[in-house]
Amino acid sequence: MRDISIKDDIVLGMKLSAFGKKITTKSGISVLMDDLGAALAAGSDMVMLGGGNPAHIPRIEGVLRDCMNRALADPGRFERMVGDYDPPTGNAKFVSAVANLLKKHFGWPITSNNICLTNGSQTAFFALFNMFAGRFEDGSRKKILLPLAPEYIGYTDVGLTEDLFVAYKPEIEILPDHLFKYRVDFDAIRITEEIGAICVSRPTNPTGNVLTNCELNKLADLAGAHNIPLIIDNAYGAPFPDIIFTDADPIYNDNTIVCMSLSKLGLPAARTGIVVASKEIIAAMAEFNAVMSLAPGGLGAAMVTDLFASGKIIEISRDVIHPYYQEKAQMTVDLLRSKLDGIDFHIHKPEGAFFLWLWFPGLTVSSQTLYEVLKDNGVLVVPGHYFFPGLDDDWNHKQQCIRLNYAGDEAAVAKGIDILASQIQRLC
Ligand SMILES: Cc1ncc(COP(=O)(O)O)c(C=O)c1O
């Protein structure tokens, strides 16, 4: 199916609406997902360092399997899990367990009325971005401000209107041992009438950056002062899945919208996103769910309710998931340092998530060409230029970076890095 392309706004001779055209235009993300899917389906020995899949961590898989077995063993529970629609805010027991957990763990002043589930957090971003930006009834247009590009590729195409984002180049701090760190350039940021909300992923996909407490508080103050929400994408953050390696304090207030997910702890197939926000925004999200899908899918929520109610999710995130990725990050950075010796390269300081963001200042080809060379030689990565939604600037840095997912099998990651090292010699 995926090789059928929709030309302009015509499907089988029938004309598509502006929405139809926008949503069916091949996006960067769909081309990459196709490459990934094709390699997986062909069972090829392509080394997959490209996608956003979390690792298969045996201890976590064991915990999830136990959750499912318990649900199956409990008379009536499985039947309720699969046989009933949840309310538009999602499975009430799970929502209550999440509210209690966040209240207890972080001291956030929230109840179940502050939480709504969505079909993956990706769906929450679609709803939120289009609620706060786009075309307004008075004819004005607003955008989502991304204070630090590079940012998550998945935001790029969710706008119902064009030009939904405005993003800012970061300040770059060069660190010892081939590391660097991006910082928000607050002198550059302008919050005009045109801005409907601010959004950051923290930890950031693709870079592994974690905005400092100071940066996040400043953004929250800016959002508050302009009466617009600060959307914090916490897909990799605390307290679950806790793939965050710095002392970063989470924040929540009436003006923030915190988006979480069950995906990165090992349940991407459950498609469960969690939005924490003011009661008013949660009511709006519930309306969105009702219209788009009647109710968010409830299987993932029902499966892990006990893990959240007991607080065990915090323990396994802290004691299993967090160290698993932190060790892998360190090992992969060490390997890159030794294999790329002699090359001019920098790695963004890995502070969270499960990607390494590599910067080759002397790269003589575009990041897309590097991607294709690597694909032809048996390794899939993600070319860096896709990660700059809202930054139209012709900045050559965009063409000098790639993202590697280091969550997979150790031997495969090492093989992929060998291939990268041999090709990059020629191209830098
Ligand atoms: C930063 C970030 N936010 C959101 C998502 C969406 O995750 P999901 O829709 O599975 O919850 C991802 C997935 O890769 C991500 O990396």
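How many Å separate the centres of domain 1 and domain 2, taken over C-alpha atoms? The answer is 23 Å. Keep in mind that this is a predicted model.

**Stop 1: the two domains**

Colour the protein chain by domain. Select 10-56 together with 316-427 for domain 1, then 87-310 for domain 2. Now show where they meet. Domain 1 puts 40 residues into the contact, and domain 2 puts in 43.

Stay on the domain 1 side. Elements giving two or more residues there are helix 1 (18-24), helix 2 (28-41), helix 10 (312-339), strand 14 and strand 15. Select helix 10: with seven residues, helix 10 gives the most to this side. Next, colour the domain 1 side by residue type. You should find 21 nonpolar, twelve polar and seven charged residues.

**Stop 2: the core**

Select Val98, Ile144, Val275 and Val276. In the largest nonpolar core, which has 125 residues, these four touch the most other members. Both domain 1 and domain 2 give residues to this core, so the core lies between them. In soluble globular proteins, nonpolar side chains tend to be buried together.

Zoom in on Val275. Leave aside its neighbours within four places in sequence. Val275 is then in contact with Ile115, Cys116, Thr118, Ala124, Ile257, Cys259, Ile282 and Met285.

**Stop 3: the ligand**

Centre the view on the ligand. It is surrounded by 14 residues. Label the closest: Gly120, Ser121, Gln122, Ser261 and Ser263. What kinds of residue make up the shell around the ligand? Ten are polar, three are nonpolar and one is charged.

**Stop 4: the open sheet**

Switch to cartoon view. Trace six strands in the order 8-9-14-15-18-17, an open sheet with mixed pairing. Strand 8 (171-175) and strand 17 stand at the edges; each has a single partner strand, so one side of each has no neighbour in the sheet.

Now pick out strand 14 (residues 346-348) and strand 15 (residues 355-359). They run antiparallel and are joined by two bridges. Select His346 and look across to strand 15: the bridge partner there is Trp359.

**Stop 5: the loop at Gln399**

Move to the loop between strand 17 (382-383) and strand 18 (401-405), where Gln399 lies. Why does Gln399 count as partly exposed? Because it has 18 C-beta neighbours inside 10 Å, while a buried residue needs 20 or more and an exposed one has 12 or fewer.

Finally, show the contacts of Gln399. Beyond neighbours within four places in sequence, they are Ser366, Ser367 and His385. His385 is 14 residues away along the chain, yet the two C-alpha atoms are separated by 5.6 Å.

Note on methods
Residues numbered from 1 in each chain as written. Predicted model: local features only at pLDDT ≥ 70, side-chain atom pairs only at ≥ 80, totals over all residues. Helix = DSSP H or I, 4+ residues; strand = E, 2+ residues; numbered from the N terminus. Contact = placed C-beta atoms within 7 Å. Near = placed C-beta within 6 Å. Nonpolar A, V, L, I, M, F, W, Y, C, P; charged D, E, K, R; others polar. Pairing = 2+ DSSP bridges. Core = buried A, V, L, I, M, F, W, Y, C linked by C-beta atoms within 7 Å. Domains from an automatic or database assignment.
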